[in-house]
Amino acid sequence: MTAHRKTQTMKPATAAKKLGVYLDATPAEFRDGVVSRDELNALQADPPAWLRELRRDGPHPRPVVAARLGVSISGLARGGVTEALTSEQIEALKQEDPEWLRKERATQADVRAEAARLKEKKQARETEEARPRSA
């Protein structure tokens, strides 16, 4: 007797998140159905025109906008950016370089530097602990 594996499916919102696109900008047939794991893999391996266009031009979800601007998602909110932005709008923001964006980029740089410092400290501690002790 062979067991049939049930096909894994996910909500369109989950699939959109995994694809890095804004759900409301996807085609209706994508939003209204469910997406199987195989369909998701096919979309990632050979993206259709609509997916390539969304990834290139947007509108982009907040995690993508934040990454393209070099800030955190919280930093976007503090800057008043709560909606999805197109690539053109993101570029315009970069050109404008408002005070909040400069401040959030500096904050993000500090966070990354601190994370790197803590990682180095942890590695040094682990190396020290792994070293044989002399009697």
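This is a short talk on helix 1, the nonpolar cores and the largest pocket of a predicted model.

I'll start with helix 1, residues 12-19. Which of its residues are buried? Pro12, Ala15, Ala16 and Leu19 are. Around the helix axis they span an arc of only 100 degrees, which means they sit on the same side of helix 1. The general point is that an α-helix has 3.6 residues a turn, so residues three or four places apart point the same way.

What do these buried residues pack against? Their partners are two strands, strand 1 (9-10) and strand 2 (35-36), and three helices, namely helix 2 (28-31), helix 3 (37-45) and helix 4 (49-57). After helix 1 comes Gly20, with a positive phi, near 75 degrees.

Next, the cores. The largest nonpolar core holds 11 residues. From the start of the list, they are Met10, Ala15, Ala16, Leu19, Val21 and Phe30, followed by Val35, Leu40, Leu43, Leu51 and Leu54. At least two residues of this core come from each of helix 1, helix 3 and helix 4. Helix 1 provides the largest share, three residues. Ala15, Ala16 and Leu19, then, appear both among the buried residues of helix 1 and in the core list.

One core member to look at is Leu54. Leaving aside residues up to four places away in sequence, Leu54 touches Val21, Ala25, Thr26, Pro59 and His60. There is also a second, separate core, of 10 residues, including Val65, Leu69, Leu76 and Ile90.

Now the largest pocket. How much space lies in it? About 180 Å³. The lining consists of Ala13, Ala16, Lys17, Gly20, Val21, Tyr22, Leu23, Pro61, Pro63 and Val64. By class, that is eight nonpolar residues, one polar and one charged. Helix 1 and helix 5 (62-69) are the elements that give two or more residues to this lining. Which of the elements gives the most? Helix 1 does, with three residues. Ala16 and Val21 are listed in the pocket lining and also in the largest core. Gly20, the residue with the positive phi after helix 1, is in the lining as well.

Last, a residue from another part of the chain. Glu114 is in helix 8, residues 99-130. Is Glu114 buried, exposed or partly exposed? Its relative accessible area is 36%, so Glu114 counts as partly exposed; the buried class stops under 20% and the exposed class begins over 50%. Between Glu114 and Gln44 there are 34 Å in space, C-alpha to C-alpha, and the two are 70 residues apart in sequence.

Notes: Residues are numbered from 1 along each chain as its sequence is written. This is a predicted model: local features need pLDDT of at least 70, side-chain atom pairs count only at pLDDT 80 or more; totals for chains, interfaces and linings use all residues. Side-chain values use heavy atoms; hydrogens and water are left out. Buried means under 20% relative accessible area, exposed over 50%, partly exposed in between (1.4 Å probe, protein chains only). Helices (H or I, at least four residues) and strands (E, at least two) are DSSP runs, numbered from the N terminus. The arc is that of the directions from the helix axis to the C-beta atoms. Contact means heavy atoms within 4.5 Å. A nonpolar core is a set of buried Ala, Val, Leu, Ile, Met, Phe, Trp, Tyr and Cys residues joined through side-chain atoms within 4.5 Å. On a 1 Å grid over the protein atoms alone, a cavity is a set of points where a 1.4 Å probe fits but cannot get out, and a pocket is an open set with protein on both sides within 12 Å along at least five of seven lines; lining residues have an atom within 4 Å of a point. Grid points are joined across faces, edges and corners, and a volume is the space filled by probe spheres set on the points. Ala, Val, Leu, Ile, Met, Phe, Trp, Tyr, Cys and Pro count as nonpolar, Asp, Glu, Lys and Arg as charged, and the others, Gly among them, as polar.
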